[in-house]
Each structure stands twice: as structure tokens, then as C-alpha cells.
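This briefing sets out the main features of the structure shown below, grouped by topic for a reader who wishes to follow them in the model.

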Amino acid sequence: TLSDRLTATFKNLRGKGRLSETDVNKAIRDIRLALLDADVALPVVKRFTSRVRERALGAEVSQALNPAQQVVKIVNEELISILGGETRQIRFAKQPPTVIMLAGLQGSGKTTFAGKLGRWLKDKGHTPLLVAADLQRPNAVTQLEVTGERAGVPVFAPERGNMGGHDAVLDSGEGTRSFGDPVAVSRAGVAEAQARQHDVVIIDTAGRLAVDTNLMQQAADIRAAVQPDEVLFVIDAMIGQAAVETAQAFHDGVAFTGVVLSKLDGDARGGAALSVTEITGEPIMFASIGEKVTDIEVFHPDRMASRILDMGDVLTLIEQAEKAFDRSQADEMARKFLAEEDFTFEDFLQQMNAIKKMGSLKSMLKMMPGMQGMREQLDAFDDREFDRVEAMVRSMTPFERTHPKQINGSRRARIAKGSGVTVSDVNQLLERFGQAQKMMKSLARGGGGGLPGMPGI
Ligand code: GDP
Ligand code: MG
């Protein structure tokens with residue numbers, strides 16, 4: 001991973017006052033390779049690394065961070081800033097219906113995403129309507145109808161054969177025939193939503209295998225006709241180097257307002273995310289992560305930064321696990337994990353000592369996979385807290401350290417007395433240790449075994 005590479009590069013550098021140009025150049029080479037591995041487009045890699053180089057050259061090597069951590073920190077911050085910083089929410093219209101138009105290449109995942117977004121909005125109490133404005137192939141309308149049915153969201157579609165008129169159909173693939181004008185259907189869909197009090201309209205549009213002017217014109221015409229509140233550009237996360245050209249063309253052609261990164265469940269390391277946001281400046285709003293109607297996630301820039309850096313994506317895994325299991329199942333799962341009890345206070349002491357040798361505990365925690373979302377809590381964390389914790393653990397007997405569940409009231413009182421803290425401090429430690437055990441378990445699962453029925457976790 002990039003973190004490993006940088007750590008190796010900087011192995012002997014701790015204690016220098018400033019990163020030298022040679023050091024930084026070495027690091028930049030590692031970063032370039034890591035970004036290319038993650039499928040970030042070459043021009044984006046160049047722009048990105050030159051910014052990181054500039055910042056790294058000026059950076060003091062702090063006491064808390066070693067040089068590798070320092071560079072990873074800069075890279076992570078730059079990634080998050082390009083990816084959009086905060087997650088951007090859908091902008092709902094003051095006067096419903098809110099109109100959301102989808103655009104993108106054929107096969108990018110628009111129709112699939114229309115169903116997912118519809119379902120996601122419905123679960124939040126909205127009353128969405130899907131509009132079938134991909135009239136290039138009759139199958140596309142049927143596909144949206146099937147998708148809508150699965151999502152439990154109604155679909156507005158032209159009546160086949162009745163919609164003649166404009167020459168919307170421009171090519172003649174198998175089964176192609178002209179059966180409607182996508183602009184008229186989009187308008188009619190919005191009117192239908194108004195009449196039937198749907199508060200959101202999601203317009204599914206046609207795509208081509210490559211960017212072409214007819215397609216772009218059609219999308220631009222629909223946009224002009226219905227004045228959408230959001231135009232979401234759906235892009236396949238696996239697109240690789242072509243991301244730049246495609247994103248640029250759609251940005252120029254339909255002026256999209258947000259991005260959906262689809263098929264992020266595959267091998268894609270997410271480099272396309274960086275390419276698109278760097279080139280267009282538009283935020284990624286959703287990730288599409290599978291073929292099921294519930295495989296949708298709000299996009300988190302900080303997590304994607306971690307994914308690109310390969311620092312782990314623990315928070316997303318936890319959120320997924322929570323979504324997939326109802327509470328009682330989740331509690332049962334947690335109980336099982338805890339019952340295994342193989343992370344003990346002995347391990348804890350060892351780890352804490354190792355961490356102490358490396359520098360500040362706070363800075364270490366900040367570098368840990370999945371910790372990016374907990375910045376506030378970490379900032380409030382005092383390193384001296386650690387000494388108190390150590391005192392408490394040292395006041396435990398070996399039996400207690402390996403059987404934390406057995407530490408009853410009288411044992412707690414004795415530990416408190418022995419370490420000069422209150423019983424409630426001991427209670428807190430034991431509670432937090434229980435939580436840490438739980439987290440260790442889910443981290444361990446993330447690596448190999450897997451939760452039953454949860455691919456990738
Ligand atoms: P469209 O042409 O842009 O409307 O793309 P579709 O929605 O028809 O999707 C094209 C193909 O990609 C279909 O086979 C979908 O099942 C698949 N697909 C779409 N989104 C995802 C996703 O997030 N993950 C995976 N694995 N497949 C997806
Ligand atoms: Mg489609």
C-alpha cells in the first residue's frame with residue numbers, strides 16, 4: 001500500500017528538521033505509482049503530485065508524525081479536498097417536484113441507479129416518480145419498468161407505438177425503432193408528477209457507448225426543457241484513463257451538478273473519482289455498489305481518500321453491516337464476537353507500549369484506517385489519559401487482564417484504589433475496552449473471513 005511504500009522510503013529519516021527535496025521526490029514517485037495503481041488518470045496524477053510536492057517541501061517534520069506519516073497526511077488532505085471535502089446533499093426544489101436528471105454513457109449504470117435513488121428517497125419519506133426518457137431501445141423502457149417495480153417506485157413511460165413524432169431514434173441497433181421523443185416524455189413526466197403529487201422526479205436518459213454529439217444534444221435538450229434541480233452524471237468507477245475525456249465532455253455538454261460513481265463494488269480502486277472531481281470540480285454525491293436496488297451509498301470523500309490510499313475503509317464496512325442486519329441480528333453478532341474474547345488487556349498493554357515507542361498515541365490513532373471520520377473525538381483526546389489507563393491495567397491481576405468480563409464490583413474497587421482513580425474511571429475503561437474488542441473483531445473480519453452473507457466484509 002502507499003502507506004507501506006512511504007514508510008519504507010522514509011525509514012531512516014526521523015528527526016530531520018525538514019523534508020529534503022530528494023526525500024520528497026522519492027515520496028512523490030511512490031505516490032504517483034499508487035495513484036496510477038488506483039486508476040487515476042495521468043494528467044490528474046501530474047497535477048496532484050505537483051501540489052503535494054509543493055506542500056511537502058515546505059512542511060516541517062513534526063515531533064508527532066514521522067516523515068512518512070507527514071506525507072500521507074498531506075496526500076490524504078489533498079485527496080479529501082479534491083474529492084469535495086464534505087458530502088454534498090441533494091438540493092431539493094422549494095416548489096416540488098424536485099427534478100433529477102441522470103446522464104452518462106450507455107452501460108454506466110443510469111437505469112440501475114434510477115431505481116436505487118428512487119428507493120433511497122422513498123425510504124426517506126419521499127414519493128418519487130421514475131421517468132423513462134431513454135427511447136433509443138424499447139428494452140430500455142422495459143428495463144426501467146422492471147427496475148421501478150423492484151424498487152417499489154412508480155414509472156412514467158410513453159405508450160409504445162403511440163408516441164411517434166420527433167425523430168428521437170438515431171441509430172438502428174437490433175430491435176430499434178422510433179417510438180418517442182425523449183424531451184416530450186420528460187416534460188410529460190414532470191407534469192404527471194405535479195398532477196399526482198410526486199415530490200421528486202428522476203429522469204432516466206439514453207447513453208451511447210462513446211461520447212457523441214447527438215446524444216449530448218438530446219441530453220442538453222431534455223435539460224433545457226425540464227430545468228432539473230440536479231443533473232447527476234453517472235460514471236463507471238472502472239472507466240480508468242477515459243474518465244477525463246468522458247467527464248469533460250459531459251460537463252461541457254449537459255453541465256452536470258453532481259456525480260454518481262457506479263460499480264464501486266468491483267475491483268475499482270476509485271481513481272475515477274479523483275479524475276472526475278479534479279477535472280470538473282463537481283462533487284461526487286452517491287456511490288453505486290452493486291446490482292441490487294439497495295446497493296447505494298452516500299459518497300464520503302474522506303473514505304474514498306482512504307480507499308485510494310489503501311488505508312482501509314472501515315467506516316463504510318461498519319455502515320454496510322449495520323444496514324444489512326437489523327438491530328437484534330447486529331446485537332447477536334456483537335455478542336458472538338465478544339464471546340470469543342481473544343483480545344485481552346495483556347495484548348492491550350503490549351500494543352500501547354509499542355505505540356508509545358513510536359510517538360504520540362493521538363497521532364497514531366489519526367493514522368489508523370477508519371479513524372478519519374472521528375477527527376473531532378481525536379482532537380479532544382489527551383495523551384496523558386494513556387498513563388492513567390496504563391496504571392489501571394497494571395493494577396489488574398493476570399487473570400483479570402485475560403478475563404475482563406470477570407472483573408466484578410469488588411475487583412473494580414481494588415483496581416481503582418491500586419491505580420489512584422475512581423471506580424467510575426475503571427467502569428469506563430472496561431466499557432471502552434469492550435467496545436474496542438468489538439471493533440477489533442470487525443477489523444479482523446474485514447481482512448479475511450467475512451460476515452455471513454456480506455460479500456466483501
Ligand atoms: P445504463 O445503460 O447507464 O442505464 O446502465 P444500466 O443501469 O443498464 O447498467 C449496465 C449494467 O451494469 C447492468 O448489467 C447493471 O446490472 C450493471 N450495474 C449497474 N450498476 C452497477 C453497480 O453498482 N455494480 C455492479 N456490479 N453492476 C452494476
Ligand atoms: Mg439505461
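Gln197 is found in the loop between helix H7 (182-196) and S4, and in this predicted model the phi of Gln197 is near 60°, a positive value in a residue other than glycine. The points below take up a second backbone feature, then the sheet, the helices that lie across it, the helix pairs and the ligand shell.

**Backbone**

- Pro97 has its place in the loop between helix H4 (67-83) and S1, and the peptide bond that leads from Pro96 to Pro97 is cis, with omega near 5°.

**The sheet**

- Eight strands form an open sheet with mixed pairing, and their order is S3-S2-S4-S1-S5-S6-S7-S8.
- The edges are taken by strand S3 (155-156) and strand S8 (296-298), each of which has a single partner strand, so one side of each is left without a neighbour in the sheet.
- At the S3 edge, strand S2 (residues 128-133) and S3 run parallel and are joined by two bridges; Leu130 has Val155 as its bridge partner in S3.

**Helices across the sheet**

- Helix H8 (residues 213-226) lies across four strands, namely strand S1 (98-103), S2, strand S4 (200-205) and strand S5 (230-236), and runs at about 175° to S1.
- H10 lies across S5, strand S6 (258-262) and strand S7 (284-288), and its direction is at about 165° to S6.

**Packing of H2 with H3**

- Helix H2 (residues 21-37) packs with H3 at an angle of about 150°, their axes being 10 Å apart, and because angles over 145 degrees count as roughly antiparallel, H2 and H3 are described as roughly antiparallel to each other.
- The crossing of these two helices, H2 and H3, is right-handed.
- From H2, the residues in contact are Glu21, Val24, Ala27, Ile28, Ile31, Arg32, Leu35 and Leu36, and they meet Val45, Phe48, Thr49, Val52, Arg53, Ala56 and Leu57 in H3.
- By class, the contact of H2 with H3 divides into eleven nonpolar residues, one polar residue and three charged residues.

**Packing of H3 with H10**

- Helix H3 (residues 42-58) also packs with helix H10 (residues 271-280), where the axes come within 9 Å and cross at roughly 75°; that angle makes H3 roughly perpendicular to H10.
- On the H3 side the contact involves Val44, Arg47 and Phe48, which meet Leu274, Ser275, Glu278 and Ile279 in H10.
- The contact of H3 with H10 holds four nonpolar, one polar and two charged residues.
- Phe48 of H3 takes part in the contact with H10 as well as in the contact with H2.

**Packing of H8 with H9**

- H8, besides lying across the sheet strands named above, packs with helix H9 (residues 243-254), and the axes of H8 and H9 come within 9 Å and cross at roughly 40°.
- H8 and H9 are therefore oblique to each other, and their crossing is right-handed.
- Met216, Ala219, Ala220 and Arg223 of H8 make this contact with Ala249, Gly253 and Val254 of H9.
- The residues of the contact of H8 with H9 comprise five nonpolar, one polar and one charged.

**Surroundings of ligand 1**

- There are 18 residues around ligand 1, and among these Gly109, Lys110, Thr111, Thr112 and Ser288 come nearest.
- Helix H5 (residues 110-123) contributes the largest share of the shell around ligand 1, namely three residues.
- By class, the shell around ligand 1 divides into one nonpolar, twelve polar and five charged residues.
- Ser288, one of the residues that come nearest to ligand 1, belongs to strand S7 (284-288), which is among the strands that H10 lies across.

Notes:
Residues numbered from 1 in each chain as written. Chains lettered and ligands numbered in written order. Predicted model: local features only at pLDDT ≥ 70, side-chain atom pairs only at ≥ 80, totals over all residues. Near = placed C-beta within 6 Å. Nonpolar A, V, L, I, M, F, W, Y, C, P; charged D, E, K, R; others polar. Axes fitted to C-alpha atoms, helices over the stretch in contact; angles between N-to-C directions. Parallel < 35°, antiparallel > 145°, perpendicular 65-115°, else oblique. Contact = placed C-beta atoms within 7 Å. Left-handed = near helix turned anticlockwise from the far one by under 90°. Pairing = 2+ DSSP bridges.
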